[in-house]
Each structure stands twice: as structure tokens, then as C-alpha cells.
Amino acid sequence: MTDSVLPSKVPTAAQSDDSEGMSYLESLPRRLVTLYLPLFVILIVLLFPFYWMALTSIKPDEQLIDMDKFNPFWVVHPTFKHISKLLFETQYPRWLWNTMYVAVGATTLSIFASVLAAYAIVRLRFKGADTVGVLIFFAYLVPPSILFIPLASVIQAYGLFDSPLSLILVYPTLLIPFSTWLLMGYFKTIPYELEECALIDGASRWQILVKIILPLAIPGLISAFIFSFTLCWNEFIYALTFLQSTPNKTVPVAIVNEFVDGDIYKWGSLMAGALVGSLPLVILYAFFVEHYVSAMTGAVKE
Amino acid sequence: MSTVQTSMPVPAARVDTPSLWMRLKTNRNWVALWFMLPAAAFLIVFLAYPLFLGVWMSFTDERIGRTGVFVGLENYQWLWDDSIFWLSVFNTLLYTIVASAFKFAIGLYLALLLNEHMPFKAMIRSIVLIPFIVPTVLSAIAFWWIYDSQFSIISWSLIKLGLIDHNINFLGDTSWARGSVIFANIWRGVPFVAITLLAGLQTVSPSLYEAATLDGATSWQRFRFITYPLLTPIIAVVMTFSVLFTFTDFQLIWALTRGGPVNATHLMATLSYQRGIISGRLGEGAAIATAMIPFLAAAIAISWFGMQRRKWQQGSNND
């Protein structure tokens, strides 16, 4: 991918240089050394694990372990054996489904709660709204690593152990603080006048939220939704602690626990599992790049 | 509101007093309560309560399957004399400091590179973020394979280049294992730092650089006296997040080494999981987790000062 990008950069760089601020002060050879070369190296390092993951998942076993006869950086006769083994001989589809189910459930709950909370904090200006905002920010800073042990006993007490429902209920604690801060930023940009008009026309707060605020905050909602979805997909320690039986596991937990046996030929299916588990997020990301970036930077800036 | 003169005869029952239901529906504070309820319920039941429960559990000898009794500081005394615990504290600090320093340096450098004008800028920026999008465990599995003791592609390439003559045991040797997990963490964290710092860089006006260049500033001086001061608030916030998440990291270590070899990569979080869940000594695990709180509090305090200094950013700092 990057290989094809780099050569085509060089000729166009000179043209776009003319109109771009001070960059005309730098000659092309200088830019090659100070900009394109380091950038190229960093991109290669950042992308290599994915290339390696994808390559391994389509490599036949004998090429995986014989690195002298076959060049390991390429594949001679690609095979879909690992991927089909993954999809038809393991419970992988089930794990994918669990992950999807948990992610969609937890994200939906969180967005609902966050929209209400963010609207209340930004626009209802109730007593102590600022304090609540700060508390929610602190909740964002509490990491799962110090909560999983007490949460395990809470989950046990509610009889939710080994159930994906436990994750749907616990993940909002990770997602609500983040989404609330993000949405607060978006809601602040919506003019008060729109709300005042609606209030004069007799709309209730709920109607204002649903009919005026939400349609105007759709970019923010998309950002919050996809970012929360990604966080759910990525979450590991709660899923590892709460889910015990094999069919209930999520993809990250199952990959780590169910494929790891003494088999020297495990690598093909392991990499296929990692690849297939990453693809939904990468595809989602490809469609919503701008929203991801604004979600990431928005939550930090706020 | 309260300054109305009470000596004036109050018109009695001018309007019929609003019913309780009407007040619950229209009073601003009550409406806000309803709106806050779902978020507050989640955060109190599954975040605030477990936080206190965790501190309480660290003072008990609770195990999986039986409730514990209060044992005071016994868990902490036990940990105080436990060399593995202190090793995990050392590992965590080493991991956090080294990884965060590199993430900051490389992230800032990458942000400066991405801020330049170049073709395919948008596409390159979106590619950079991919390691952050892919779930950590899944990319850690790829690193596991890259670090394999027999079939590591790194060992293979270095042997072919003639730099080494036998495979490097990346995850089996203590120093190599520490270096390997730190590298994987840096790899995963750089995109986040770079893209957020890039967003900060884009708010810096180009005319400042032009003016400085006319005054004869070198590129280092432009960075040192324009970019860096203007970026300081966002650097403070980003690095606090980065430090916080590195300090409490669990999944990368668990997928790569599970704390091995000979506990060389055990972080406090992984040790807490090992003692609390796998060995079933919930009280001791909770004590290790609670021991992380002072470190986190220090990081959050730093973040707080960073937030105080960000007024240039939003303008609306106190509404």
C-alpha cells in the first residue's frame, strides 16, 4: 500500500509547493530527507504488523516454518485454509457475534445515557452542573485495571457471571464519561435561540432534545457511536474476568485463550483470527475517518 | 427572587399551585435529575461503588467462593515483604516512563511531519491511526508471532543481513522481553499522541512562523519558542492520558508474556489479575489494584494543572 503511494508523491510535491506558505523555502531533496524518508520509515513500522498478520493468515503451513526455501516476506501459493478452518471448525462466528452483540448493546445504552446527561449538564444548568461535569471527567480517568476484582464480585452478586449481559451493563462505565464530554462539546455549539423559540412555542425539554438538538448534533452522535463501538471491541480485562465458558467469549478473549495450544501450526489460524477480528473496525474506520479524529481530539480538548 | 418585599400583601392563590407532577415535569432541577438518572445509575453502580468496594476488599481476606473478614493492613504488610510485588512496581514504572517518553518524542515528531503540506496528506493521516483502531489484543497477537523464538521475522532478517548469528529469544529473555513489550506499547500509543498533537498544531497560526522567520529564527527556535509553548496545554492532557493508560495496561502484557519470563514483565495490573482471579485471593489482588491509586491520583493532579492552563483553546472556560 505504502509502496505505491511513495513514488507518486515525489513529482506532485513540487507543484503543490508553490502555493503553500513557507514551504517554498525548502528544496525537494531537503524535503525528501527531512520529511518523506522519516515518514516512510514510521509508516512502514506502523503497518508492518498488519501486513505480517494478513500474510501469515494466507500462507500455507510449510511456508510458515520453512524460511530458507521460501522468502518469508511473500507467499507463493496463498491458501484460505486457515480462514475457512477458523470460520467452520471453531466457534469463531459465535465469538464474533458475541462481540458485536455486546458492542452494539453497550454503545446504544451509553449513547442514550450520555445524550441525556450531556444535555442536562450543558443546557439545563441545574444546581451543581459544573461539579457533575467534573465528576464525569474523573470517571473517565478510572481505569478498568483497578475495578475488575470488585466488579467481578458485584457481577457475581447480581447473578450475571459468564453472561454477555454483564459486559453490556459494565462497558457503559467506560463509554459514558467519554461520550458525555464529547457530546457536551457539540451541544455547546448549538445556539440557545433555537431552544428559546421552541420553548416559546410550547415544546417540552424532551421535544427540544429530540427534535432540535439531536438532529443538529448528528456528527457528534456518529463520533461518539463509532468510538464507543471501537472501545467495546477493544476491551479485554472485563471480558476476560467475567466470561468463563467458551461459547460466551468475545473475540479478543477467545483469541488469547482458545487458540493457544502447543501446536506449531497454530499461527495461520491465529493470525486469521486476529485479521478477521480487526476487519470490521478497519472497515468502519475507513468510512468514518473524520469522525474518529474529531472524537479523539474532541474528547481530549474539552 | 428572594428580594421580593415580604411586607407587600401577597395575592393569595393567584394561580392554583402547580401539582407535584407538574413541578417534577417542569422544574429545571427536577428535569435535570431525570436526565442525569441513566448515566448516574451506571456510573454509581458499576464505577463508584466498585471503586470503594475494591478498597474495602483490600482490607479483607476474601477469596473466590467465600466472603472475607476484615484483616486490617495484613494484605499490604504481606505485599510490603513480597519481592515480586516490588518487582511489578519497578516494571510498571519502567514500562510507563520509557514507553511514555518514546511515545511523546515519536508522537510529537510524527505530528510535526504530518503537519507539513504534502500530497495524500489526508490519506497518510488516516493510515497512521490504524494501529489505534485495531483492538490491542489482536495486534499484540501479531507481535507475538513477530517475536516468536524460532520463526521471528526480525531474527530472520537480521541473520540474513549478517548482523547476528542466532535467533533472538525476544519474549524468553528478561531484558529482551521488557524491551519487546515496551516497543509494542509504543507502537500502539504513538498514533494517538501524534493525531491529538496534530490537532493542536493545526490551531497554531502560520503567520507566527512567518514573522519568526523574517526575524531570522532557525527552525529549532521556531519549534522551541512558538510551537512548544502553544502546544503545552494539549501536551499535558495527552501525556496524562497516555501515562494513565500505560500505567494500568493489562491486555498487551497478558497477550504477549502473561508476566513472564520469571515475572520480568509483570505489571501491577497483571499481578493483580494473577493473584486475584487466577489464584483466587481476591483480597490480595484488590490490595495490589488499590496500591495503583496513589500513582493515578498523582497523574490526575498533573492533568488538572494542565487543564487549568488551556484557556487559550476554547474560550468558554467557566460555563
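**Exercise 1.** Determine how many helices and strands make up the secondary structure of chain A in this predicted model.

*Solution.* Counting the elements of chain A gives 16 helices and 0 strands. Turning next to burial, one finds that buried residues account for 43% of the 302 residues in this chain. As a last step, take the contacts in chain A between residues at least 6 apart in sequence: 78% of them join residues at least 24 apart.

**Exercise 2.** State which domains are assigned to chain A, and describe the contact between them.

*Solution.* Begin with the assignment, which divides chain A into domain 1 (2-57) and domain 2 (90-301). The contact between them then draws 4 residues from domain 1 of chain A and 6 residues from domain 2 of chain A. Sorted by class, the side of domain 1 that touches domain 2 in chain A holds 2 nonpolar and 2 polar residues, with no charged residues.

**Exercise 3.** Identify which residues touch the most other members of the largest nonpolar core, and work out where this core lies in relation to the domains of chain A.

*Solution.* The largest nonpolar core has 157 residues, and those touching the most other members are Y119(A), I255(A), I141(B), A194(B) and L256(B). The greatest contribution comes from helix α5 (residues 92-124) of chain A, which supplies 15 residues. Because domain 1 (2-57) and domain 2 (90-301) of chain A both give residues to this core, it lies between them. To follow one member further, leave aside residues up to four places away in sequence: I255(A) then touches L270(A), G273(A), A274(A) and G277(A), together with V137(B), L138(B) and I141(B).

Technical notes:
Residues numbered from 1 in each chain as written. Chains lettered and ligands numbered in written order. Predicted model: local features only at pLDDT ≥ 70, side-chain atom pairs only at ≥ 80, totals over all residues. Core = buried A, V, L, I, M, F, W, Y, C linked by C-beta atoms within 7 Å. Buried ≥ 20, exposed ≤ 12 C-beta atoms within 10 Å, placed from the backbone. Helix = DSSP H or I, 4+ residues; strand = E, 2+ residues; numbered from the N terminus. Domains from an automatic or database assignment. Contact = placed C-beta atoms within 7 Å. Nonpolar A, V, L, I, M, F, W, Y, C, P; charged D, E, K, R; others polar.
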